[in-house]
Amino acid sequence: MGTYGKKSIDELLLEKGFISQAQWEQAKIEQQKTGDSIFKVLPRLGFIRQDQMVAFITDNTDIPRIELEYLLIDPKLFEIVPEDLARKHLIIPALRIGNSLTCAMVDVFNVYLQDEVASKTGLTIEPAIATEDEIKKAIDQYYGGGKMDGILKDSPKSKQEGPQEWEEISISRAQDNSEEAPVVTFINTMITKAVSEGASDIHVEPEENTLAIRFRIDGVLHLQTSPPKEYQAAIISRIKIISNLDISELRKPQDGRIQMKVDNKRVDIRVSSLPTVYGENIVMRLLDTSNIRLGLEQVGLQPPMLGKFRGLLDRPNGILLVTGPTGSGKTTTLYSAVSTINDPQYSIVTIEDPVEYRLPGIRQTQVNLKVDLTFANGLRAILRQDPDVVMIGEIRDAETAQIAIQAALTGHLVLATLHTNNAAGAVTRLLDIGVEPFLLASSIIGVLAQRLVRLVCKGCLGQGCTNCSMTGYKGRTGIYELLSFDEKIRSLVIKKSSSEEIHRMALSTGMQSLRDNGMGIVAQGLTTKEEVYRVTQDE
């Protein structure tokens, strides 16, 4: 057992309560029977999880942690460390600098193991730690002794125009040892890791000397392990190929899409490329269509606001807006609202850009600018389809707003999103784009503004653990303010009053602000005051 400082690792494990004395003694007996390292035996007996053991050693020694699932390894290293040696000692060569070879291993304190590898490779061995499962998976992946699900096939789909049902990319292991094989593996494992961690976006960002990878998790970007800079062109080209982008076009922004299954989850990926001075920047928006939680309770609406919002949804006509900045969960709330009123007696039709989730029983149309199917044109066509309820993905211009108002005034319930900071701001936003005040006053029935706040991690209650990547937060929920249009609010709208005046009037008549709603979530112990302040800074 390794010793660092005055106490050995086993003494620290016992002292800090990770294992009991009885468990330690049982593990020593098992170790004598099998001859395995104590670091394999303790997790195998269920006394400590593999990731906990690895984290403990990393925290209490100077041995680095290597996340093999997200590391792009030079294929030449597998010629230096043959497969039989890797399987015998459960090691993976990870990085070579000169005559120094860093190897991921479980038994990081076994100097005899390191001496044997050094003797057979002729290199100095620097140990790094990874879990036993990670190393076994990597050996199967890189040496070809097993199958790794999740590698995207090399054959790209043909170009198609406009909205369509995309062929789902099947999954197989790369069949060769060419330079492309580690790139394919890297992209697959990057996506798999992002999905497993609940990321909403993957950023692939070329810089002068590096290729940065960041995941947006619960609304915050987190830097990941970066692949070598020399793989940049191959990685970006690969992403462009599988998302049906033109790999020969490097000067213009492009948009594409990938549809795939990751761990039996159906994931739609929207891909955006943007030329920069150091190469094309790629952002991949992940939509886990198998994991969407639809329902007004599920998105965080709580009594009494929930009851008021349901009351607005029961209205036969009018415009109900959901507002907030990009990434605040507006679309999910809109889908939840539509699902709440979805009933065979109603005809519900949507116009979206894009259609993010398929809803049974609802007619969904996707904007397609190539055939002039805009929000406005699509909305006009929808109104000829005898709908009861119309959902508009976003009101972006005066023309769409005017048609939405026309629909509301002629007996339709219209649900739409709008980019504003608060509920009152929706009024001034629509006035600014040219909508007449009296039309707004007579058509809008309510505005729901929202933000997303991170939830305190249930595993550690905010202290930070491996489950929440040491952030203290895991998952998100919504906070809201609901502006219902009464005679006082309508009077201010007709007078073209400022959003501040409308906001003050709404508060004086009982509206709960975003921040106050958030503090109610804090009182329940679900989030923190700092998190609520972070997302409501504009208040």
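The following exercises, each with a worked solution, concern a predicted model.

**Exercise 1.** Determine which residues have the most contacts inside the largest nonpolar core, and which helix gives the largest share of this core.

*Solution.* Begin with the core itself, which has 48 residues, and in which L42, L68, I73, I92 and I135 have the most contacts. Next, assign the core residues to helices: helix α8, spanning residues 132-143, supplies the largest share, namely 5 residues. Finally, look for a further core apart from this one: there is another of 42 residues, including F375, V447, L492 and I502.

**Exercise 2.** Establish whether G425 is buried or exposed, and with which residues G425 is in contact once neighbours within four places in sequence are left aside.

*Solution.* First, locate the residue, which lies in helix α15 (residues 425-432). The relative accessible area of G425 is 10%, and because buried means under 20%, G425 counts as buried. With neighbours within four places in sequence left aside, G425 is in contact with T420 and S499.

**Exercise 3.** Describe the order of the strands in the open sheet of 7 strands, and identify its edge strands.

*Solution.* The order is β14-β13-β15-β16-β12-β17-β18, with mixed pairing. The edge strands, each of which pairs on one side only, are β14 (363-366) and β18 (473-484). Strand β17 (residues 444-456) runs antiparallel to β18 and is joined to β18 by 10 bridges, while A449 stands opposite E481 in β18. To complete the picture, add the helices: α11 (residues 305-313) lies across β12, β16, β17 and β18, at about 60 degrees to β18, whereas α13 (residues 375-383) lies across β13 and β15, at about 165 degrees to β13.

How values were computed: Residues are numbered from 1 along each chain as its sequence is written. This is a predicted model: local features need pLDDT of at least 70, side-chain atom pairs count only at pLDDT 80 or more; totals for chains, interfaces and linings use all residues. Side-chain values use heavy atoms; hydrogens and water are left out. A nonpolar core is a set of buried Ala, Val, Leu, Ile, Met, Phe, Trp, Tyr and Cys residues joined through side-chain atoms within 4.5 Å. Buried means under 20% relative accessible area, exposed over 50%, partly exposed in between (1.4 Å probe, protein chains only). Helices (H or I, at least four residues) and strands (E, at least two) are DSSP runs, numbered from the N terminus. Contact means heavy atoms within 4.5 Å. Two strands pair if DSSP finds at least two bridges between them. Axes are lines fitted to C-alpha atoms, for helices over the stretch in contact, and angles run from 0 to 180 degrees between N-to-C directions.
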